[in-house]
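Visitor: I have a model to go through with you. Can we take it piece by piece?

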Amino acid sequence: MSEIESLKQESRIFEPPADFVSNATISGMDTYRAMCSAAANDYEGFWAALARKNLSWHRPFTKTLDESEAPFYKWFEDGELNVSYNCLDRNLQNGNADKTAIIFEADDGKVTKLTYQELYERVCKFANGLKSLGIKKSDRVVIYMPMSIEGVVAMQACARIGATHSVVFGGFSAKSLQERIIDAGAVAVLTADQQVRGGKHLPLKAIVDEALALGGCEAVKHVVVYKRTGDAVKLTAGRDLWLHELVEKQAAACEPEWVSAEHPLFILYTSGSTGTPKGVQHSSGGYLLWAALTMKWVFDIKPADVFWCTADIGWVTGHTYIAYGPLAVGATQIVFEGIPTYPNAGRFWETIQKHKTSVFYTAPTAIRSLIKAADATPEVHPSKYDLSSLRLLGTVGEPINPEAWMWYYKNIGREKCPIVDTFWQTETGGHMISPLPGATPMVPGSCTLPLPGIMTAIVDEAGHDLPDGQGGILVVKRPWPAMIRTIWGDPERFKKSYFPEEFGGKLYLAGDGAIRNEKTGYFTITGRIDDVLNVSGHRMGTMEIESALVANPIVAEAAVVGKPDDTTGESICAFVVLKRSRPTGDEARQIAKELRDWVAKEIGPIAKPKEIRFGDNLPKTRSGKIMRRLLRVLAKNEEISQDISTLENPAILEQLKQAL
């Protein structure tokens with residue numbers, strides 16, 4: 001039975017617990033349906049009312065949606081606000097000044113707590129420090145920092161002065177960092193001496209130095225360094241300065257820069273199916289509205305909750321559900337520096353127990369790896385920990401397979417916590433399809449139903465609606481406030497990538513396949529439809545990895561595909577042709593290791609192929625096109641059933657079947 005067939009036949013349904021329903025922000029399916037009807041009947045009025053109720057405006061907006069230059073939609077454009085003001089000042093005004101905003105747990109277990117008042121003062125000092133360097137509204141600032149209070153403060157400080165930040169994940173290489181600095185036109189880089197993860201140190205400042213030395217980054221005038229470990233680093237006179245020295249004499253108050261709701265809050269680079277990363281540009285008003293609403297709707301956040309999203313601020317999940325969403329609703333949250341398996345695989349459960357976490361949001365990859373650890377090491381099985389504080393669980397980054405869902409439900413939630421299986425993307429700004437924990441009956445492996453106001457559909461390759469039960473392409477039919485505004489500096493690529501002409505230029509193309517259940521109407525995501533891989537919830541373009549491989553002097557040609565992986569969801573399989581004879585045995589293993597290390601240096605460790613196969617050539621049509629669909633079959637170690645009559649070199653398939 002195919003994976004799609006098994007998903008269609010999933011019949012286990014779990015109703016939300018009655019006590020959860022009775023206290024939920026959105027309680028019962030009737031409430032959900034009423035909200036969907038309100039959006040359908042008066043779409044602009046629906047969003048306008050939510051924006052007025054959930055955000056503080058310096059100047060109220062008078063126009064909700066401008067579609068005159070579609071697909072470059074604008075929301076609340078003539079309104080003015082400040083994102084940092086909405087996250088911090090508002091909490092000081094409504095009685096949350098002494099409430100804990102952040103519980104920071106370092107890699108070594110050391111805990112630091114910050115109230116909203118203390119967080120406000122840190123952000124203001126950092127913001128004033130940036131202003132003292134001449135950084136101003138609309139400047140771009142790259143943030144290359146570890147998971148830390150300082151990372152969140154840096155993002156908020158940029159928002160406070162109207163600078164547009166671009167956070168680069170701390171695992172990316174110097175070359176990847178350089179590309180993003182150049183594309184964004186950054187005037188400053190905020191970094192740390194080192195990053196600490198799993199007891200290991202990664203020299204972030206040295207990587208920044210290497211990136212800037214590669215050239216093209218002349219716009220960068222300042223590098224601000226947070227002293228995380230205190231290990232020796234090189235400071236370049238006139239350019240580099242310590243964060244603590246920058247902020248120590250700054251005032252603890254900073255007037256926010258009021259900006260249009262359409263002002264770019266951040267650029268976040270995500271991989272495309274071509275080699276160059278795409279700078280996804282998000283607005284201030286619409287993005288923050290959705291961050292706040294999804295905290296309330298999907299996470300059902302309450303004043304007493306302790307919220308923990310385990311993502312890194314280098315990804316969009318860490319933007320929306322660490323740096324902005326929780327603060328916009330006045331929540332107490334955990335910010336975690338470490339990894340789930342250090343010092344042992346009980347770290348997550350111990351942290352939940354220690355801090356009385358009530359809402360826990362993590363990736364299926366982490367769950368799958370911890371299932372294996374729990375089976376192998378009984379002393380770190382979740383049953384050994386007090387997880388009674390939990391009331392809601394969530395998953396993010398990729399679809400969760402039904403059996404992992406069941407393990408999570410039984411062993412972590414103890415069969416009393418709803419699970420919100422959230423589908424969304426860097427480009428969507430926040431959750432799009434997800435159970436509402438006080439309303440939606442849950443089905444393992446299904447993200448269930450779109451949120452109110454999100455008009456999703458499944459269509460064929462011509463953009464025509466498909467009947468329920470038939471798999472197709474996931475699209476969104478109407479713009480929504482938190483959507484991507486453009487690709488930074490490349491509006492044509494934006495239109496081609498997300499609003500292609502073959503779909504009439506009006507349907508947002510999610511890039512994922514999906515199927516909708518004939519009985520329930522529930523959505524299940526079936527995987528990417530383009531050449532973008534999703535490894536542990538991190539999206540990487542196949543072209544990006546192929547380009548890195550071919551940049552190695554011994555490689556003539558490379559093709560990269562994804563294959564299912566029990567731990568990471570999808571893993572990278574590379575087919576490589578060398579400029580010399582095809583290696584075998586130990587020599588092939590050694591070269592494969594060298595190429596993996598090469599890719600890690602060019603892009604980052606997350607892009608390392610799990611498997612590399614060598615061939616004398618790649619399967620190509622007579623016109624020279626690489627037949628990637630055949631490589632996907634080979635990567636899965638399945639028999640090829642497709643027609644191969646157009647192949648120029650069918651014999652090569654036998655060679656590429658051989659895994660090391």
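Visitor: Start with helix α3. Which residues are exposed on its other side, away from the buried ones?
Guide: D30 and N41 are exposed there. Keep in mind that this is a predicted model.

Visitor: And which residues of α3 are buried?
Guide: M29, Y32, M35 and A39. Looking down the axis of α3, they fall within an arc of 125°, so they line one face of the helix.

Visitor: What do those buried residues pack against?
Guide: Two helices: α4, residues 43-54, and α11, residues 285-297.

Visitor: What span should α3 have, and how far apart are its ends?
Guide: Helix α3 covers residues 29-41, which is 13 residues. At 1.5 Å a residue, the expected span is 18 Å. The end C-alpha atoms are 18 Å apart, so the two values agree.

Visitor: Switching to cysteines. How many disulfides does a search of the whole structure find?
Guide: The search finds 0. Take C36: the nearest cysteine sulfur belongs to C447 and is 14 Å away. A disulfide needs the two sulfurs within 2.5 Å, so C36 is in none.

Visitor: Is C36 buried or exposed?
Guide: C36 is partly exposed, at 24% relative accessible area. The cut-off for buried is under 20%.

Visitor: What about C254? Where is the nearest cysteine sulfur?
Guide: On C124, 5.4 Å away. C254 is in no disulfide either. C254 has 4% relative accessibility, so C254 counts as buried.

Visitor: Now the sheet with β29. What is the strand order?
Guide: The order is β28-β29-β30. These 3 strands form an open sheet with mixed pairing. The edge strands are β28, residues 555-565, and β30, residues 611-614. Each of those pairs on one side only.

Visitor: How much does the twist average from one strand to the next?
Guide: 25°.

Visitor: How many bridges join β29 to β30?
Guide: There are 4, and the two strands run parallel. Strand β29 takes in residues 569-578. One bridge pairs V576 with F614 of β30.

Visitor: What holds strands together in general?
Guide: Strands of a sheet pair through backbone hydrogen bonds, either parallel or antiparallel.

Visitor: Last one. Which helices lie across this sheet?
Guide: Helix α17, residues 542-550, lies across β28 and β29. Its direction is at about 140° to β28. Helix α19, residues 628-635, lies across β28, β29 and β30. Helix α19 runs at about 55° to β28.

Note on methods:
Residues numbered from 1 in each chain as written. Predicted model: local features only at pLDDT ≥ 70, side-chain atom pairs only at ≥ 80, totals over all residues. Heavy atoms only, no water. Expected span 1.5 Å × (residues − 1). Buried < 20%, exposed > 50% of the residue type's maximum accessible area, 1.4 Å probe, protein only. Arc of directions from axis to C-beta. Contact = heavy atoms within 4.5 Å. Pairing = 2+ DSSP bridges. Axes fitted to C-alpha atoms, helices over the stretch in contact; angles between N-to-C directions.
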